[in-house]
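Me: Could you walk me through this fold, one question at a time?

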Amino acid sequence: MRKVIYSMMVSLDGFIEGPNHEIDWIIIDEELHKFANDQQSAIDTYLHGRRMYEIMVAYWPTADTDPLAPGYIIEFARIWQNMPKIVFSKTLAKVEWNSRLVRDNIAAEITRLKAQPGKDLAVGGASIASTFMQLGLIDEYRLFVQPVILGSGTPFFPALDNTINLRLVETRTFSSGVVYLRYRRADDGQ
């Protein structure tokens, strides 16, 4: 069965963006970007909320045409452009770039997708991930912990009604000081 993976850059105090939605504190150098690009080979669908979709579509559709872009940026741009995307939004009128729009019944949609053959599914964006967490749909959490304390902003983890027990399955420290933590649900049987 396919897994749903929630992976984001996160501050040491647990925020994915600052209080004004700023992300200029994120360190994503060549070493880290290549690692993240390599992880995409195990994924065949991106699951975005409206805000994450709008952030991604503002840059990645043309990032590979920038003559000054390094190879790892061009590589990810092409991965993102070609990857099927499902956007969960009640407010967007349409989506582009190999995307389809889903307006409601998130749990049924994800349950159906997880049962289909294929690679894993990657959820991006704190708001949609919060909904997925509340519904028990996330199988794996991948945090790229940045060496910064923001003090406030958008949290990686929302307030939850129930505890989610996790099991650490992988770690890696990058030369930039970023630490990668990969957790699976403790009840996943693997």
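Here are some questions and answers on the chain, its cores and two loop residues.

Reply: Happy to help; this is a predicted model, where local features need pLDDT of at least 70, side-chain atom pairs count only at pLDDT 80 or more, and totals for chains, interfaces and linings use all residues. Residues are numbered from 1 along each chain as its sequence is written, and side-chain values use heavy atoms, leaving out hydrogens and water.

Me: How many helices and strands does the chain have?
Reply: Helices (H or I, at least four residues) and strands (E, at least two) are DSSP runs, numbered from the N terminus. By that rule the chain has 5 helices and 10 strands.

Me: What radius of gyration does the chain have?
Reply: The radius is taken over C-alpha atoms, and the globule rule is 2.2 Å times the number of residues to the power 0.38. For 190 residues the rule puts a compact globule near 16 Å, and the chain agrees, with 16 Å.

Me: Which helix gives the most to the largest nonpolar core?
Reply: A nonpolar core is a set of buried Ala, Val, Leu, Ile, Met, Phe, Trp, Tyr and Cys residues joined through side-chain atoms within 4.5 Å; buried means under 20% relative accessible area, exposed over 50%, partly exposed in between (1.4 Å probe, protein chains only). The largest core has 41 residues, and Tyr6, Leu47 and Phe132 are among those with the most contacts inside it. With 7 residues, the top contributor to this core is helix α3 (residues 71–82).

Me: Which residues is Phe132 in contact with, leaving aside its neighbours within four places in sequence?
Reply: Contact means heavy atoms within 4.5 Å. On that basis the partners of Phe132, neighbours within four places aside, are Val4, Leu47, Phe88, Ile106, Ile110, Val123, Leu137 and Ile138.

Me: What do the buried residues of α1 pack against?
Reply: In helix α1 (residues 30–39) the buried residues are Leu32, His33, Phe35, Ala36, Asn37 and Gln39. They pack against β1 (4–11), β3 (43–49), α3, β7 (140–146), β9 (166–173) and β10 (179–185).

Me: Is His21 buried or partly exposed?
Reply: His21 sits in the loop between β2 (15–17) and α1. Its phi is near 65 degrees, positive in a residue other than glycine. With a relative accessible area of 45%, His21 is partly exposed.

Me: What is the relative accessible area of Asn105?
Reply: Asn105 belongs to the loop between β5 (99–102) and α4 (106–115). Its phi is positive, about 60 degrees, although Asn105 is not a glycine. Asn105 is exposed, and its relative accessible area is 51%.
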